[in-house]
Amino acid sequence: MESRCENCIIRQFNSLRAMSKEELKKVSDSKTTKTIKKGQPLFEEGDKLNGVYCVRNGVSKLSKLSANGKDQIVKLATKGEVMGQRSVISEEVTNLSAIAVSDMEVCFIPKESITHTLQSNPNFTLEVLRHMAHDLKEADDVIVNISQKTVKQRIAEAFLYLKNNFGEDEEGYLALTLSREDISNVVGTATESAIRIISEFKKKGLIRTSGKRIGIKDERKLMELVEGF
């Protein structure tokens with residue numbers, strides 16, 4: 001049975017928690033649940049969105065195409081996050097693409113359910129603003145990181161972020177496997193540079209690899225590198 005929004009634990013992590021029972025019921029009646037396969041887009045830069053996506057399972061990369069045709073990943077959206085809020089509220093085309101990094105289960109909530117509640121429920125409006133402000137802060141952090149940290153520091157930080165946010169599998173590798181190209185797009189460098197640095201980290205005993213998988217061997221040294229020691 002498809003789960004109802006009012007009973008869904010995911011809403012505790014996003015702005016839907018500020019909706020009343022009646023509002024959640026309306027959202028529940030209008031939403032559709034979709035399965036998105038790894039590598040498939042949820043939406044692409046320049047699309048007009050007629051609703052938002054609430055992530056029930058899996059991870060999506062949110063990226064922006066730069067002038068030189070390279071993707072810059074600005075965020076990894078995971079369980080509980082709502083994607084597309086800014087575009088729906090501002091009624092502008094989306095400025096980011098969202099592509100599944102792992103198989104995903106998402107709920108698509110039509111625009112009307114969101115905009116109607118924005119006008120009638122100030123608590124919901126405040127929650128949406130809070131989440132959008134948080135996204136802006138994260139985007140600012142990405143800009144500062146790229147301008148002030150070396151590529152090595154940013155790659156070390158990315159591995160620590162993946163461990164802290166997504167954990168490790170039973171063999172001790174990072175649970176979320178990103179391609180070398182995705183890693184380079186997260187830190188804002190050329191794929192060749194990322195490959196070279198990963199191989200250097202491996203030689204120094206900071207990480208271990210098995211195919212695409214990466215495992216952290218020396219967390220303390222990675223942290224020292226990030227902090228500039």
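Okay, helix 7. It runs over residues 191-203, so 13 residues, and from its first C-alpha to its last it reaches 19 Å, close to the 18 Å expected at 1.5 Å a residue. Keep in mind that this is a predicted model. The mean pLDDT of the protein chain is 92, with 99% of its residues at 70 or more.

So which residues of helix 7 are buried? They are S193, A194, I197, I198 and F201. If you look down the axis of helix 7, those buried residues fall within an arc of 130 degrees, so they line one face of the helix. The general rule behind that pattern: an α-helix has 3.6 residues a turn, so residues three or four places apart point the same way. Turned away from the buried side of helix 7 is a face with the exposed residues E192, R196 and K203.

And what covers the buried residues of helix 7? The cover includes helix 5 (151-166), helix 6, strand 9 (207-210), strand 10 (213-216) and helix 8 (219-226). After helix 7 comes G205, which has a positive phi, near 80 degrees.

Next, helix 6, residues 180-187. Here 6 of the 8 residues are buried, so the rest of the structure largely encloses this helix. The buried ones are R180, D182, I183, S184, N185 and V187; look at that list on your screens, with an arginine and an aspartate in it. Just after helix 6 there's another glycine to look at, G188, with a positive phi of about 75 degrees.

Now A158, which sits in helix 5. Its relative accessibility is 12%, so A158 counts as buried, the cut-off being under 20%. Leaving aside residues up to four places away in sequence, A158 touches V186 and V187, and V187 is one of the buried residues of helix 6 we just went through. Going back along the chain, A139 is 19 residues from A158, and their C-alpha atoms are separated by 15 Å.

How does UniProt label this part? An unreviewed entry lists residues 149-220 as "domain: HTH crp-type". Over residues 149-220 the chain is 54% helix and 11% strand, and the end C-alpha atoms are 18 Å apart. The other annotation, also from an unreviewed entry, is "domain: Cyclic nucleotide-binding", covering residues 15-118. That span is 23% helix and 39% strand, with its end C-alpha atoms 11 Å apart.

On to the cores. The largest nonpolar core has 33 residues, and the members touching the most others are L42, F43, M83, M104 and F124. Several elements each supply at least two residues of this core, among them helix 1 (21-30), strand 3 (51-57), helix 3 (111-120) and helix 4 (122-148). Which strand gives the most to it? Strand 8, with 5 residues.

Take L42 as a way in. Not counting residues up to four places away in sequence, L42 touches I36, Y53, S60, M83, A98, I99, A100, M104 and V106. There's also a second, separate core of 26 residues, which includes A158, L176, A194 and I207. So A158 from helix 5 turns up again here, and so does A194, one of the buried residues of helix 7.

Last point, on confidence by element. Where is mean pLDDT lowest among the elements of the chain? In helix 4, at 88, while strand 7 has the highest, at 97. Helix 4 is also one of the elements that supply at least two residues of the largest core, and strand 7 (97-100) is another.

Definitions and conventions. Residues numbered from 1 in each chain as written. Predicted model: local features only at pLDDT ≥ 70, side-chain atom pairs only at ≥ 80, totals over all residues. Heavy atoms only, no water. Core = buried A, V, L, I, M, F, W, Y, C linked by side-chain atoms within 4.5 Å. Buried < 20%, exposed > 50% of the residue type's maximum accessible area, 1.4 Å probe, protein only. Helix = DSSP H or I, 4+ residues; strand = E, 2+ residues; numbered from the N terminus. Contact = heavy atoms within 4.5 Å. UniProt positions renumbered as here; feature names shortened; annotations may be inferred. Expected span 1.5 Å × (residues − 1). Arc of directions from axis to C-beta. pLDDT = per-residue confidence, 0-100.
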